[in-house]
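Reader: I am new to reading protein models and would love a slow, friendly walk through one part. Could you take me through the aromatic pairs?

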Amino acid sequence: MIFFQIFYTFIIIGAFTFGGGYSMVALIQAEVVDHWGWMTTTEFTDLLAVSQMTPGPVGINTATYAGYTAVLNAGFPQWAAVCGSLLASLAVVAIPVALVLIVGSWLLAHKDNPRVASVMRILRLVALGLIAAAALSLMSTENFGIPGINLRFILSVVIFAAVFILSVRRKVSPIILITASAIVGLVAFSF
């Protein structure tokens with residue numbers, strides 16, 4: 001039954017997500033954590049961190065790890081969890097690949113049409129909203145600690161603000177920011 005649920009969930013996510021992998025994250029979290037309860041928010045946050053570090057599109061990586069974790073948490077053996085990861089990966093890309101093949105040539109032929117341009121502008125706004133929802137959903141107590149006078153919370157907010165400012169204003173390389181944040185986090189949270 002879980003395999004059918006995984007296939008259904010990720011085929012729907014793949015069909016209704018526009019704007020790439022980051023816009024998909026909020027939908028995946030809503031389904032695998034909130035709706036189905038296949039994993040906790042902490043497990044999803046860890047899964048997302050690994051998905052971002054792994055080469056490849058973040059949406060597909062997240063689906064792959066979510067399928068694996070869901071089957072493993074349901075009590076199945078590791079080989080079945082690998083099947084769950086493959087199923088989630090294939091399901092999340094099946095409809096987008098089919099749509100690209102079908103609609104891609106038509107869209108290129110009509111890209112100068114004002115109606116098509118209008119629809120594309122709306123889809124860009126929808127993608128921006130989904131990415132913002134994913135960012136907001138990660139601002140949880142699992143990631144930042146409990147608000148108030150709490151060292152973990154204060155340090156998390158300071159790191160977040162510093163990375164945001166350095167990336168937007170100073171255009172510091174993301175590799176440098178990730179490395180520096182990891183070092184600060186390891187030093188601060190190891191005590």
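Author: Happily; here is a close look at the aromatic pairs.

First, a word on the model: it is predicted, so local features need pLDDT of at least 70 and side-chain atom pairs count only at pLDDT 80 or more, while totals for chains, interfaces and linings use all residues. Residues are numbered from 1 along each chain as its sequence is written, and side-chain values use heavy atoms, with hydrogens and water left out.

How do we describe a pair of aromatic rings? We give the distance of the centres and the angle of the planes. Rings of Phe, Tyr and Trp (its six-membered ring) pair if their centres lie within 6.5 Å; planes under 30 degrees apart are stacked, those over 60 are edge-to-face, and the rest are tilted. Searching the whole structure this way turns up four aromatic pairs.

One of these pairs joins Phe3 and Phe76. Their centres are 5.7 Å apart with 65° between the planes, which is edge-to-face. This pair links distant parts of the chain, 73 residues apart: Phe3 sits in helix α1 (residues 2-15), and Phe76 is in the loop between α4 (58-73) and α5 (78-109). Helices here are DSSP runs (H or I, at least four residues), numbered from the N terminus.

How open are these two rings to the outside? For relative accessible area, buried means under 20%, exposed over 50%, and partly exposed in between (1.4 Å probe, protein chains only). Phe3, at 28%, is partly exposed, and Phe76, at 36%, is partly exposed too.

Now turn to Phe4 and Tyr8. Their ring centres lie 6.4 Å apart and their planes meet at 20°, so this pair is stacked. Phe4 and Tyr8 are separated by about one helical turn, because they are four residues apart in helix α1. Phe4 is exposed, with a relative accessible area of 55%, whereas Tyr8 is partly exposed at 46%.

For a contrast in accessibility, look at Val25 in helix α2 (residues 21-35). Val25 has a relative accessible area of 2%, so this residue is buried. Leaving aside neighbours within four places in sequence, Val25 is in contact (heavy atoms within 4.5 Å) with Phe44, Leu48 and Ala134. Val25 and His110 are 85 residues apart in sequence and 30 Å apart in space, C-alpha to C-alpha.

Terms used: Helices (H or I, at least four residues) and strands (E, at least two) are DSSP runs, numbered from the N terminus.
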